Amino acid sequence: MSKQTYKRIVLASRPTAAVTPDNFRLEEVPVPELADGQVMVRNHFLSLDPYMRGRMGEGKSYADPQPLNEVMIGGTVGEVIASKNPKWNVGDKVVGMFGWQEIGVTDGGGMQKVDTTHIPLSAYLGSVGMPGVTAWYGLNKIIAPKAGETIVVSAASGAVGSVVGQLAKLAGCYVVGVAGGKEKCDYVTGELGFDACVDYKAAKDAKELYAMVKAVTPKGVDGYFENVGGDILDVVMARLNPFARIAVCGLIAGYDGQDMPMRNPRAILVSRCKIEGFIVSEHMDVWPQALKELGGFVAQGKLKFRESIAEGLASAPEAFMGLLKGKNFGKQLVKLA
């Protein structure tokens, strides 16, 4: 980026199946002049999240599709580098939704100032940001765990799942993660403190996966935080205790259009379970409380997190495609500066 231009990535075409590099276009555009009341932010980190895949298509979803030839949506953290707004000063560290670009310009709406004294700036895109609040809401408001209950979390080493499991442990629960690969499972139990972790990649079929989950849930399952869908959901459904609660946050196994039939819907009736999907942006009323608790836990070292960091804006498409295939470890970020 020169002083006169900056880089951005726009959606060039809609994926018909798996996302490809051709769906994106890297552009270099002039840095705009600030109008009165506006603020310019240099973005330091970009958040990559699974929800972006749903926005890339034109199908019915909970949010409008990402427009073609416009900057890809995404959360960012950065620093104010110019201001014609008295509420914002040069040097302020901020969280916003400036998307896949190096510079953002705003009137300040939708942007928040953050304190990096005890919390790293990047954490405001992870455990003390949208993924953290997602975990907090699904666990506390839908699963509502009680001490001693068994809670299962899919995608357990990811940005959301890792927070769910640690919060459930802090609530006194027995926590089981599901993750892909020995390294991720070792991290989930050894570093994050889960009681057990199932490596779904080690199972040759759904029957073996069920046996693995059964072995680590001897008392059944009281709460399940769903990020994946597919075989994992079916297996956990077969382990549900009466009046279990399932928080459906994501179904990444079907993001490229794969069919995901539920093989045993009878389990819903037999267990009398509650299944509730949710979108965290529809629950802004809980964000202040959630962020206060999450920030406190991070500052005290009670909530640990891991980041996968891709270098430079041009690396964002490959990092995003890797995220959708589970190649990231922890929160996937792109370092922009």
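Here is a short conversation about the predicted model shown above.

Visitor: How many disulfides does a search of the whole structure find?
Guide: A disulfide needs two cysteine sulfur atoms within 2.5 Å. Cys-173 is in no disulfide, and its nearest cysteine sulfur, that of Cys-197, is 17 Å away. Across the whole structure, the number of disulfides found is zero.

Visitor: Why is the sulfur of Cys-249 not bonded to that of Cys-197?
Guide: A bond would call for sulfur atoms within 2.5 Å. Cys-197 holds the closest cysteine sulfur to that of Cys-249, yet this is too far for a bond, because the separation is 17 Å.

Visitor: Is Cys-173 buried or exposed?
Guide: The cut-off for buried is under 20% relative accessible area. Cys-173 has 3% relative accessibility, so this residue counts as buried.

Visitor: And which class does Cys-249 fall into?
Guide: Partly exposed covers the range between under 20% and over 50%. Cys-249 has 24% relative accessibility, so the class is partly exposed.

Visitor: What is the radius of gyration of the protein chain?
Guide: The chain holds nine helices and 15 strands. For its 337 residues the globule rule gives 20 Å, and the chain comes close to that, so it is as compact as a globular protein of that length. Its radius of gyration is 20 Å.

Visitor: How far apart are the mean positions of the positive and negative charges?
Guide: Happy to take that one! The protein chain carries 37 positive and 35 negative charges. Averaging the positions of each set gives two points, and their separation is 5 Å.

Terms used: Residues are numbered from 1 along each chain as its sequence is written. This is a predicted model: local features need pLDDT of at least 70, side-chain atom pairs count only at pLDDT 80 or more; totals for chains, interfaces and linings use all residues. Side-chain values use heavy atoms; hydrogens and water are left out. Buried means under 20% relative accessible area, exposed over 50%, partly exposed in between (1.4 Å probe, protein chains only). Helices (H or I, at least four residues) and strands (E, at least two) are DSSP runs, numbered from the N terminus. The radius of gyration is taken over C-alpha atoms; the globule rule is 2.2 Å times the number of residues to the power 0.38. Lys and Arg count as positive and Asp and Glu as negative; His and the chain ends are not counted. The place of a charge is taken as NZ of Lys, CZ of Arg, CG of Asp or CD of Glu.
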